[in-house]
Amino acid sequence: MISKRIWGDCNMQEDIKLIKIHDYLWEIPKKGGMRVPGRIYASEKMLKVIKEDKSLEQVINVAHLPGIQKYSIAMPDIHWGYGFPIGGIAAMDIDEGVISPGGVGYDINCGVRLMRTNLTEEEVRPKLRELVAELFNRVPSGVGASGKIKLSRNDYKEIIEKGARWAIERGWGEPEDLERIEDHGTFPGGDPDAISARAFERGSDEIGTLGSGNHFLEVDVVEQIYNPTIADAFGLFKGQVCVLIHCGSRGFGHQICSDYIDKMLSYMRREGINLPDKQLACAHIKSKEGRDYLAAFAAAVNYAWTNRQIIMASAREAFYKVFGIGPKDLGGELVYDVSHNIAKFEEHKVNGQIKKLCVHRKGATRAFPKGHPLVPEVYRDVGQPVLIPGDMGRASFVLVGTEAALEETFGSSCHGAGRVLSRSKAIKSGRDRDLFKELEERGIIVMAKGKKTVLEEMPEAYKDAEEVCDIVHNAGIAKKVAKLRPIGVVKG
């Protein structure tokens, strides 16, 4: 039952009226050219933070897209992005709907993977600084970072076709890893002919690298277990050391996004598609431009999975060297790899009918329940792991997907904490602080290319991931399983 409470404050978005559906869900009614209502998952406290930028306007703008189904959805980590808000979800009818690069993001298939180990904090802490240094040396990071792997045209062809399997066939991981990646680490439909020479050039030496910004390689400790049964199914226990990896398709995916935004702006002019923001550049899914983007996009998805696979293999090697152990003693097994910037063709119920849709998740992740056929068989009895990274000074979380998510959000949940300070504001506010020392005093060893990145990514630049996760947990669209505390961080 819908409560008629209206939310309105004197701020940048005071004219946007929100109807409270329950304590963690708000609706923007249809108006003007909106084809569907907007829906935002947030507490009243979080909503005040959300309303400090123009992300709610973007929720409304997304609702104007041709073919959008049910709602334009936003998660509690929502903040201003390109076209779509980061933390936005939109599902499109495949016959009448569109594909929008801004609904995927520049970093195509940016995502997170979690690797568990057999080691405890007590065992790792004495060599933690040495471990973080080894990880920093093995995984190139920073703007424009180059790796040791140089891709030939044939390598690209195979990565586009095979995804993470390409890396595993060359010794970077085990075949079992593929069982714990969305789509088994291979996205179909990639076509080298749909990709510009500039994109190939930019990605040729960046495979196996971390990049910069909010990307990271983290050593974490399982601090709290909320659901022992599901945690056990995921192989997690209290005090356990894990590795969390956050990165995407690097310059390869960024260039593909740039190339197709330009092409889709031309398509929109030609087809007479008028939208409130040109950053929503789009093309009908079945148009040539739409098909070409999806072919290039698929290549970038596979590049990103390959990238994270190689980084995880490098992390395993770092543990072997520092602790003088082998694979059996380390137990460095992949828990799961989730995609955060993605568009997937999936079947969902709309008005009581099952429809095939193209689901845009930009800064959002799948959250499928137990029994769903797209949940890997190894987790089908409990549900899909949902990985929500925090900032480098506070916790990250493991959750599990639910039936409610399937019914309400096209099987989606949030993807992180969400920024509250721009990078420039973070640098300004932290310029007189020694964050390396501050974090070390809290038991967290941080290594990065420079002070600037650490200032940009200071904990205060983000919402508290625990508060964000509590919202989706209480709303029922993902349920908390475990809390991870960072002890070692590598930044670009």
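Trainee: What makes β2 and strand β3 (residues 25-28) a pair, and in which sense do they run?

Mentor: In this predicted model, β2 and β3 are linked by three bridges, in the antiparallel sense. Two strands pair if there are at least two bridges between them, so β2 and β3 qualify. Within the pairing, K20 stands opposite W26 in β3. The connection from β2 to β3 is a hairpin through two residues.

Trainee: Why is strand β2 (residues 18-22) described as largely enclosed by the rest of the structure?

Mentor: Four of the five residues of β2 are buried, so the description follows from that count. Buried here means under 20% relative accessible area.

Trainee: How do you know that helix α2 (residues 55-62) is mostly covered?

Mentor: The same kind of count is used. Seven of the eight residues of α2 are buried. They are S55, L56, Q58, V59, I60, N61 and V62.

Trainee: Which elements do the buried residues of α2 pack against?

Mentor: Their partners include β2 and β3, the strands discussed above. The others are β4 (38-41), α1 (44-50), β5 (72-79) and β6 (86-93). A contact means heavy atoms within 4.5 Å.

Trainee: Why does I168 count as buried?

Mentor: I168 has 11% relative accessibility. The cut-off for buried is under 20%, so I168 meets it. This residue lies in helix α6 (residues 164-169).

Trainee: What does I168 touch, leaving aside residues up to four places away in sequence?

Mentor: I168 touches G173, E174, P175, D177, L178 and Q309. Of these, Q309 is 141 residues from I168 along the chain, yet their C-alpha atoms are separated by 7.8 Å.

Trainee: What is the volume of the second largest pocket, and which residues are closest to its centre?

Mentor: The volume is about 640 Å³. The lining has 28 residues, and W172, G173, A313, S314 and R316 are the closest to the centre. Elements that give two or more residues to this lining are α4 (128-138), α10 (288-323), α11 (327-330) and β12 (333-339).

Trainee: Which element gives the largest share of that lining?

Mentor: Helix α10 does, with six residues.

Trainee: How many residues of the lining of the second largest pocket are nonpolar, polar and charged?

Mentor: There are ten nonpolar, eight polar and ten charged residues in the lining. Gly counts as polar and Trp as nonpolar, so G173 and W172 of the lining fall into those respective classes. Arg counts as charged, so R316 belongs with the charged residues.

Definitions and conventions:
Residues are numbered from 1 along each chain as its sequence is written. This is a predicted model: local features need pLDDT of at least 70, side-chain atom pairs count only at pLDDT 80 or more; totals for chains, interfaces and linings use all residues. Side-chain values use heavy atoms; hydrogens and water are left out. On a 1 Å grid over the protein atoms alone, a cavity is a set of points where a 1.4 Å probe fits but cannot get out, and a pocket is an open set with protein on both sides within 12 Å along at least five of seven lines; lining residues have an atom within 4 Å of a point. Grid points are joined across faces, edges and corners, and a volume is the space filled by probe spheres set on the points. Buried means under 20% relative accessible area, exposed over 50%, partly exposed in between (1.4 Å probe, protein chains only).
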